[in-house]
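Visitor: Hey, I've just opened this one and I'm a bit lost. Can you walk me through it?

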Amino acid sequence: MASVSFKNIEKSFGTTKVIHGIGFDIVDGEFVVLVGPSGCGKSTLLRMLAGLEEITGGTIAIDGRVVNDVESKDRDIAMVFQSYALYPHMTVADNMAFSLKLRKADAAMIAERVNRASKILNLDPYLKRFPRELSGGQRQRVAMGRAIVRDPKVFLFDEPLSNLDAKLRVAMRAEIKALHQRLKTTTVYVTHDQVEAMTMADRIVVMHDGRIEQIGTPLDLYDKPGNLFVAQFIGSPAMNVVNGTVRRATGRAHVEAAGAQWPLDGGPGADGQAVTYGIRPEHLTLAGSGGVPGEIIVVEPTGAETELLIKVGEEQVILRTHGRPHVNPDEKVHLTVDPANVHLFDRGTGARLTA
Amino acid sequence: MSLRKVTAEAKLLLIGIPVLIWTMLPIYHLFLFAISPKEQAMGGLLWPDHPTLHNFEVVFKQQHHYLNFFWLQMWNSLLIAVATGLITLMVATGAAFAISRLKVRGGRLAMNLALLTYFIPAAFLAVPMYKTMGVYGILNNQWSLILAMVTIATPYSIWVLKQASDKLPFELDEAAKIDGASPLQLFRLVYLPLMTPSLVAVGTYALLLAWNEYLYAFLLLSSERDITLGVALGNFLAADDSPWELLMTTGLLYALPPAAIYYTFKRYMVGGLTAGAVKS
């Protein structure tokens, strides 16, 4: 187990700079998820930690030791790849034992470690099989087993669930989380799937265009997104946003946007300021009258919840409710908003406005 | 069977049967000569009146002055072919691994130069090669032929192996690297096992290329004790009254090892070893 620290990390491929000075620390035993859209640099950052990519600038330290010039094999890390990267010509047992054999560990110790890992991952019946004889989920577990037997300081996961179907992904998600709770090994996990990030992470690092947008616990990011990007990236369906202007001079405070008055409380936002008004789908409620007028476009029942796509002026918003409202497309409705749940962002910079 | 299927099959047979006859006829001819007595060999019969294995006896016992060194020459052919196959494999595998997996500088250039060699026909290079071997002082030494054949076989082999190794997922190398493998261990423990089908195919190619070579063997070797069986077969035609039945018998024997090699390694020619490595 170990801490990891990134200091002012930069990365260029040729003349293209893809990571612009990233720094953060991971404490011992923490499960940190790097999340962001494709091309945001999250995988590159992980690969630099793994020693598979040169570090252009800055330092990476594992347990206080700077590893910039340390070879992968001497960094005491283990990595699980998206494509599993199992050795096709070796059995499951040999795949897991490979790293220990290279390190010339004694046979008894190898057998014991492989045994323990296969017990943890329920791979016992498959030890003699070859990767081609396994299902996707089993292969992924072997890849994890290969990492476990090493007993490394840090686990690295590079989009490990992207190749699995939806149902298996949910199951493996829980398995990886349970594994971490059991082994308590420091883990860095890369994904583009914000649901994976939310459900698994102790802390999430949201990245975009080679920069960190925000670092925080999943619920922190959800409740207090630091900027418009994080607000829209975290949460599904995404936060509703409308561009408007703050009005505080007369009557009740509101934001004038999409031809309607969106309620505000006494928080941030000066009169006349151009803002982006954000409200999560579950914080919109239907009302008989008053509030923001709209028109139903689509009703999407999912069983437990119902999502309504609603047109307000020229904008569209999504409302999510636990009930099963009796509404139909084209019906006129009214939306109410609790001002306490409103997020305001500066229209120019996208930064969150705080009082 | 539907009419459509019948016509499709008929078309295949219509092409297949002539091709089969076209291919088999010379081989049958070879075989016919080999089992015919000398006086009937040129008789133009479809089957000899008295088939005999006498010709094989003459060849095996080296009872004709053209065949004084039959076994030695067979051995020469084999030695040169196997050596060519092995050395080509070593050179081409090393090159393909370095270029495809280690991404060494100048890899592209090396590949293009390798391709360039094929713009010049091998026959064109025969005389320069002869001069070169003379400079090295290994004319009439079997090494000259082995090295010449390696030179001719290697560029194509590098291309084939590089293409094949490009198809191996790169994550395997990265996984091995993190697992603690040095480049040599990666080569030995991961790369070679996965490349086996391609290696066998390329090795067989180089081996057969050397086995079937005539021009270079004829130029670079001259002593009857050094030449390959292929060249010895050519020497049969030096006289006016060539013993055709013995020539054909020897030819038949000469054709057997390649056939055996093809048959043995047939299953390696088909890939499929990498199935299951990554999700495709």
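Guide: Sure, but one definition before we start: two residues are in contact if their C-beta atoms, placed from the backbone, lie within 7 Å. Also keep in mind that this is a predicted model.

Visitor: Okay, let's try that out. Leaving aside its neighbours within four places in sequence, which residues is Ala97(A) in contact with?

Guide: Setting those sequence neighbours within four places aside, Ala97(A) is in contact with Ile110(A), Val114(A) and Val149(A).

Visitor: And where does Ala97(A) lie?

Guide: You'll find Ala97(A) in helix α2 of chain A.

Visitor: Is Ala97(A) buried or exposed?

Guide: Buried: Ala97(A) has 23 C-beta neighbours inside 10 Å, and the cut-off for buried is 20 or more.

Visitor: What about the rest of that helix, how many residues of α2 in chain A are buried?

Guide: The helix covers residues 92-102, and 8 of its 11 residues are buried, so it is mostly covered. Among the buried ones are Val92(A), Met96(A), Phe98(A) and Leu100(A).

Visitor: What do those buried residues pack against?

Guide: Two helices of chain A, α3 (107-120) and α4 (136-150), together with one from the other chain, α7 (170-179) of chain B. If you keep going along the chain after α2(A), you get to Lys104(A), which has a positive phi, near 60 degrees.

Visitor: You mentioned α3(A) and α4(A). At what angle do they pack?

Guide: About 135 degrees, and their axes are 9 Å apart. That angle makes α3(A) oblique to α4(A). As for handedness, the crossing of the pair is right-handed.

Visitor: Why quote both an angle and a distance?

Guide: Because two packed helices are described by the angle between their axes and the distance between the axes.

Visitor: Fair enough. Which residues meet there?

Guide: From α3(A) you have Arg113(A), Val114(A), Ala117(A), Ser118(A) and Ile120(A), and they meet Gly145(A), Ile148(A) and Val149(A) in α4(A). By class, the residues of that contact divide into 5 nonpolar, 2 polar and 1 charged.

Visitor: Now the two chains. How many residues does the contact take from each one?

Guide: It takes 24 residues from chain A and 21 residues from chain B. On the chain A side, the elements giving two or more residues are β6 (77-80) and α2. That side of chain A has 15 nonpolar, 6 polar and 3 charged residues.

Visitor: How many helices and strands does chain A have?

Guide: Chain A has 8 helices and 20 strands. Its C-alpha trace spans about 80 × 45 × 35 Å along the principal axes, and 42% of its 355 residues count as buried.

Visitor: And chain B, how many helices and strands there?

Guide: Chain B has 11 helices and 0 strands. With a radius of gyration of 24 Å, well over the 19 Å that the globule rule gives for 280 residues, chain B is more spread out than a compact globule. Along its principal axes, the C-alpha trace of chain B spans about 75 × 70 × 35 Å. Buried residues make up 34% of chain B.

Visitor: Switching topic: what is the phi of Asn122(A)?

Guide: About 55 degrees, so to speak on the positive side, although Asn122(A) is not a glycine. You'll find Asn122(A) in the loop between α3 and α4 of chain A.

Visitor: Is Asn122(A) buried or exposed?

Guide: Exposed, because Asn122(A) has 11 C-beta neighbours inside 10 Å, and 12 or fewer is the cut-off for that.

Visitor: What about Glu159(A), what is its phi?

Guide: Near 45 degrees, a positive value in a residue other than glycine. Glu159(A) lies in the loop between β7 (154-158) and α5 (166-183) of chain A. With 19 C-beta neighbours inside 10 Å, Glu159(A) counts as partly exposed.

Visitor: Last one: which residues does the cis peptide bond join?

Guide: Ser236(A) and Pro237(A), with omega at about -5 degrees. To find the spot, look in the loop between α8 (228-233) and β11 (240-247) of chain A, where Pro237(A) is found.

Methods:
Residues are numbered from 1 along each chain as its sequence is written. Chains are lettered from A and ligands numbered from 1 in the order in which they are written. This is a predicted model: local features need pLDDT of at least 70, side-chain atom pairs count only at pLDDT 80 or more; totals for chains, interfaces and linings use all residues. Helices (H or I, at least four residues) and strands (E, at least two) are DSSP runs, numbered from the N terminus. The radius of gyration is taken over C-alpha atoms; the globule rule is 2.2 Å times the number of residues to the power 0.38. Axes are lines fitted to C-alpha atoms, for helices over the stretch in contact, and angles run from 0 to 180 degrees between N-to-C directions. Angles under 35 degrees count as roughly parallel, over 145 as roughly antiparallel, 65 to 115 as roughly perpendicular and the rest as oblique. A crossing is left-handed if the near helix is turned anticlockwise from the far one by less than a right angle, and right-handed if clockwise. Ala, Val, Leu, Ile, Met, Phe, Trp, Tyr, Cys and Pro count as nonpolar, Asp, Glu, Lys and Arg as charged, and the others, Gly among them, as polar.
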